[in-house]
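Q: I'm new to this one, and I'd like to learn how to read it piece by piece. Can we walk through it together?

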Amino acid sequence: MKHTLSILLVFVTITSLGQTKNLYTISFENAVHHEAEITANFTNLENKVLELRMSRTSPGRYALHEFAKNVYNVKALDSKGNSLAITRPNPYQWNVSGHDGTVKVSYTLFANRGGGTYSQIDETHAHLNIPATFMYAPAYDKRPISVAFNVRKDLQWKVATQLRKISENTFFAPDLHYFMDSPTEISNHSVRSFKVADKDKEQTVKFVLHHNGTDEELDTYYEGVKKVVLQQKAVYGELPNFDYGEYTFLACYIPNASGDGMEHRNSTILTSTRSLANGGMQRNMGTVSHEFFHAWNVERIRPKTLEPFDYTETNMSGELWFAEGFTSYYTSLLLCRAGLLSQEDYIKRLAGGLNYVWNSPARGYFNPIEMSYQAPFVDAARSVDPVNRENTFISYYTYGSVLGLALDLSLRNLEGSKNLDAFMKQVWQTYGKPEIPYTIRDLQDALSSYAGAAFSTNFFKKYIFDSQMPDYKTLFESVGVTFEQAKLAEASLGVRLNGDFKLVSNPFKGSAAYKGGLENGDQLISIHGIAITPETKPLDFLAQFKPNQTVTVVFKRFDQQKETQLTFDPNPSYSTTLQEKVKKRIEKKRTAWLEAK
């Protein structure tokens, strides 16, 4: 997709109002049963057959999502109200023939998943992801679009969206992609907003919240949101030029939602079952931070592999370690800088991602680029056959995050007070602000320009084109953080167990369980002659064994009792701890890294 430049968008909006538009209407009389009734009017049609589709993908997602499965009761009429023939060339398409230049199509949509990918309709809200909701005509994707939301006034519903309002509950998009990229929340929500001074202009940041909490809770939460916004602006030196000068958070913190976050050009979806009063005040803020950072990194600093965005097939990108991973690195860092996460807690949390990546056998198969290629199979994708992800996949979110950490600390050890913030700002100025899609080689060249060719070549050769690990111990020492294996005296089995001592993951390749021949689904009965009872807790039970101890394991597989021998490994986990007393030069460097800008 080629994003419409905001400087042209107002002109496009004004000039498009007089053009032929595709007109949509959606109503929610049967919301209690999760149904919407939708009509779409297409006029001045040039082709004898109007091809209509439901999208198979959604902006911000990389896997297939077959939205057509929730569409039924499809009918088509011409301008005189005559019924038109509809044929189905594939599961995602409806071909309408015999029209007179006008087609009015109507259909029913079932929607009951409130997140960033799907739509949800019930008596609490109409939470609409546009690709999951509206049919579209591929041949007329450049036409402007008008959509009328027939809200439930009896439920006090209001419309919140990045779409341009043209009259009460009627909104406008300059083309199909802008429409598809504009999620809409219709509910009895609350709104908070503030203006951000940005060089020679002001822009408005709105927070729309649909929840069951109090205004006081929202006020407190929004103060945190404001701090995050300002710390993210400090990284890049400015906000993006939001279309119409406005950015909107669309948050649903309700029991019937599903946890998610999804970025869009001038808005983001935030959903959680956690209320602000029940842990959401702190735990929901990470999604706020992650998704708003995407307003720069991925929405405007955009991989060329995602241009144009394809609504008919998967969108594969090798840059997700940067687009998603570096965004993940900044997610918690900026909460720390905003004072919403203590430095001690931030440093402690780094160990989780480092352990996941450092100790994963998957680095023997794929580098970060190839991990990014796996997105169509893992990004909320569905399949029924078992996979071996424990041994072959590392999330590009986490992989990219720990590489972002390594790059940041490495830059801070160079002469001239370099850092990742300044590099991101350079990438923003070169690719994001002018909206020039980038390649991996463009990123390497940008790092060469910023930190030197030798530094850039070394970083990309070892950690991007290969899957080596940086020297985190040395890097952490430079900012007064201890990075050590603190649990080497503990025995490790190398597989996940549930409370009943059943293996619930594939064993890690090379682990004690793997070499002992244990497999996902095996039920442990005894270890070293000690019986496992219903009262036995896995952590307590395994604590009695030592690394390098060889034991006999009795287990059940396919209702047959079996026996094997294995040797426990040392627990390879690392910990990250903030050092209390450090030299002034180290403290200065740590302060520059972690404190507010």
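Q: Which side-chain atom reaches the backbone nitrogen of aspartate 421 at the start of helix 12?
A: Look at the residue just ahead of the helix. A side-chain oxygen of asparagine 419 comes to within 3.1 Å of that backbone nitrogen of aspartate 421, at the start of helix 12. Keep in mind as we go that this is a predicted model.

Q: Good to know. What pLDDT does the chain average?
A: The protein chain averages a pLDDT of 96, and 97% of the residues score at least 70. Over residues 1-8, though, the pLDDT is below 50. That stretch still has 24 contacts in the model beyond near neighbours in sequence.

Q: Back to helix 12, then. Which of its residues are buried?
A: Here's the general idea for reading a helix: an α-helix has 3.6 residues a turn, so residues three or four places apart point the same way. In helix 12, the buried set is Leu420, Asp421, Phe423, Met424, Val427, Trp428, Tyr431 and Gly432. Viewed down the axis of helix 12, these buried residues fall within an arc of 160 degrees, so they line one face of the helix.

Q: What do the buried residues of helix 12 pack against?
A: Their packing partners are helix 3 (215-236), helix 5, helix 6, helix 11 (396-412) and helix 13 (440-451).

Q: How does the span of helix 12 read against a straight helix?
A: You can set the end-to-end span beside the value for a straight helix. With 13 residues at 1.5 Å a residue, a straight helix would span 18 Å, but helix 12 (residues 420-432) spans only 16 Å between its end C-alpha atoms.

Q: Now strands. Which way do the residues of strand 13 point?
A: For a strand, check the two sides in turn. In strand 13 (residues 170-173), Thr170 and Phe172 point one way while Phe171 and Ala173 point the other way, and all are buried.

Q: Which strands does strand 13 pair with, and in what sense?
A: Follow the bridges. Strand 10 (residues 145-150) runs antiparallel to strand 13 and is joined to it by 4 bridges; across from threonine 170 stands alanine 148. Strand 12 (residues 164-167) also pairs with strand 13 in the antiparallel sense, over 3 bridges, and there lysine 165 has phenylalanine 171 as its bridge partner.

Q: How many residues lie between strand 12 and strand 13 in their hairpin?
A: There are 2 residues between them, and asparagine 169 in the turn has a positive phi of about 65 degrees.

Q: Let's try single residues. Is serine 456 buried or exposed?
A: Relative accessibility is the number to read. Serine 456, in helix 14 (residues 453-464), counts as buried because its relative accessibility is 0%. Its side chain reaches the backbone oxygen of glutamine 444 at 2.7 Å. Setting aside neighbours within four places in sequence, serine 456 is in contact with Gln444, Leu447 and Ser448.

Q: And is lysine 304 buried or exposed?
A: Lysine 304 counts as exposed, because its relative accessibility is 51% and the cut-off for exposed is over 50%. You'll find lysine 304 in the loop between helix 5 (285-293) and helix 6 (320-337). Apart from neighbours within four places in sequence, lysine 304 has contacts with Pro437, Tyr438 and Thr439.

Q: What about aspartate 345: where is it, and how exposed?
A: Aspartate 345 belongs to helix 7 (residues 343-358). With a relative accessible area of 38%, aspartate 345 is partly exposed.

Definitions and conventions:
Residues numbered from 1 in each chain as written. Predicted model: local features only at pLDDT ≥ 70, side-chain atom pairs only at ≥ 80, totals over all residues. Heavy atoms only, no water. pLDDT = per-residue confidence, 0-100. Contact = heavy atoms within 4.5 Å. Buried < 20%, exposed > 50% of the residue type's maximum accessible area, 1.4 Å probe, protein only. Pairing = 2+ DSSP bridges. Expected span 1.5 Å × (residues − 1). Arc of directions from axis to C-beta. Polar contact = N/O pair within 3.5 Å; in protein donor to acceptor, adjacent residues only side chain to side chain.
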